[in-house]
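Student: I'm new to this structure and would like a close look at one part of it. Could you take me through the strands around the middle of the chain, and then show me what else is worth finding?

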Amino acid sequence: MAAPSVDIFGPTSWNHLILLDHLPEPVPHMQFARRSWETIGGTSAGKALHLAGLGVNVRLCSPLGGDIEGQRVRSALTAAGVAVDAFSSEQTERHVNLMTDDGQRVSLYVATPSTPSEHDLSVATAAVAAADIAVVDLSELGALLLQRVKGNTPIWVDLHDYDGSSEFHEPFLCAATTVFMSDDSTKDPWELMHSCLSRGPRLAVCTRGAQGAIALDASGNRYEIDAVPADVVDTNGAGDAFMAGFLAASLHGKTIQDSLTAAVAQARIAIESEHLHPKLAEVLLVP
């Protein structure tokens, strides 16, 4: 029997990360960076890298340009074991992230991808139908894809800092069988997850930073896990690693509680690296 396949649809970017003592004040001034580096970003890239690192057969479908940034992204992801289907874009998405040691961050989008073509959307629709599991991330690609998708492929969605009422998130939520989110925009994560399950998903999982994570299934069963100690280097991509760890464990038939254990362990791998996944330190070629 062939190993289950996971197809991921959504953003990949080239990022310039700048570490500061504090975020800039909104006044003209000069400020020195403590350090800076360039690497791959994007929520879909993070999930794909961690799934590949866990031995999952994963394909990433994402808009990438023919520019040098797009070439760097493709070559590094491929070297890390991710099969990449690059959809045509006039330019590769690029960010400049200003960060501090305590987790504060400002993301500046300096380039955004083109709207996916009809051809690429048709390819993506067929890929969803053929996949064992489809991860559809928040993006223009994901929103357009969900308008076309029909069938029984389980869809996993990362709602990030969903507040329970955002119109943009609604079609992603309603199409999903499993949803992940953080508690950044809610005072009651249990109620937020219950609200999500009332719209169709069978399982909701919420990350709570240093407090660990919780989950709620459609039968009302609650699950909780503590965070694991980590030497924090960069929190970028921790949620993507968490979701990948949970998904990989689920594919191996693990229980929800055991999948949470695998998820927090995988998040630690991301937190302790300056890249989305430590494998990038080996394969990433930057000037």
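Tutor: Here is a walk along strand β9 and its partners, followed by a few other places to look up. Keep in mind that this is a predicted model.

Let's start with β9 itself, which covers residues 155-158. I155 and V157 point one way from the strand, while W156 and D158 point the other way. Whichever way they point, all of them are buried.

Now look to either side. On one side there's strand β8 (residues 133-136), which runs parallel to β9 and is joined to it by 2 bridges. If you want a spot to click on, A134 stands opposite I155 in β9. To get from one strand to the other, follow helix α4 (residues 140-146): β8, α4 and β9 make up a right-handed β-α-β unit.

The other partner is strand β10 (residues 178-182), and here β9 pairs in the parallel sense over 3 bridges. D158 is the residue to find this time, as it stands opposite F180 in β10. The chain gets from β9 to β10 by way of helix α5 (residues 170-175), and this β-α-β crossover is right-handed.

Before you reach α5, pause in the loop between β9 and α5, where H160 sits. Most residues other than glycine have a negative phi. H160 isn't a glycine, yet its phi is positive, at about 55°. With a relative accessibility of 28%, H160 counts as partly exposed, whereas the residues of β9 are buried.

For a contrast in pairing, try the open sheet of 4 strands, ordered β3-β2-β6-β7, where the pairing is mixed. Its edge strands are β3 (35-41) and β7 (105-111), each of which pairs on one side only. From one strand to the next, the twist averages 20°. Zoom in on β6 (residues 93-99) and β7: they run antiparallel and are joined by 6 bridges. Within that pair, N97 has S107 in β7 as its bridge partner.

Further along the chain is helix α7 (residues 238-251), with 14 residues. From first C-alpha to last it reaches 20 Å, close to the 20 Å expected at 1.5 Å a residue. Because 11 of its 14 residues are buried, α7 is largely enclosed by the rest of the structure. Among those buried residues are D240, A241, F242 and G245. Just after the helix comes G253, which has a positive phi, near 80°.

Two of those α7 residues turn up again when you look at Q266, which is found in helix α8 (residues 256-271). Leaving out residues up to four places away in sequence, Q266 touches A241 and G245, along with H50, L54 and H277. Q266 has a relative accessible area of 6%, so it is buried.

What about the cysteines? The count of disulfides comes to 0. C174 is in no disulfide, and the nearest cysteine sulfur, that of C196, is 9.5 Å away; a disulfide would need the two sulfurs within 2.5 Å. C174 counts as partly exposed, with 40% relative accessibility. C61, on the other hand, is buried, at a relative accessible area of 0%.

Key
Residues are numbered from 1 along each chain as its sequence is written. This is a predicted model: local features need pLDDT of at least 70, side-chain atom pairs count only at pLDDT 80 or more; totals for chains, interfaces and linings use all residues. Side-chain values use heavy atoms; hydrogens and water are left out. The expected span of a helix is 1.5 Å times one less than its number of residues. Buried means under 20% relative accessible area, exposed over 50%, partly exposed in between (1.4 Å probe, protein chains only). Contact means heavy atoms within 4.5 Å. Two strands pair if DSSP finds at least two bridges between them. Axes are lines fitted to C-alpha atoms, for helices over the stretch in contact, and angles run from 0 to 180 degrees between N-to-C directions. A crossover is right-handed if, with the strands pointing away from the viewer, the path from the first strand over the helix to the second runs clockwise.
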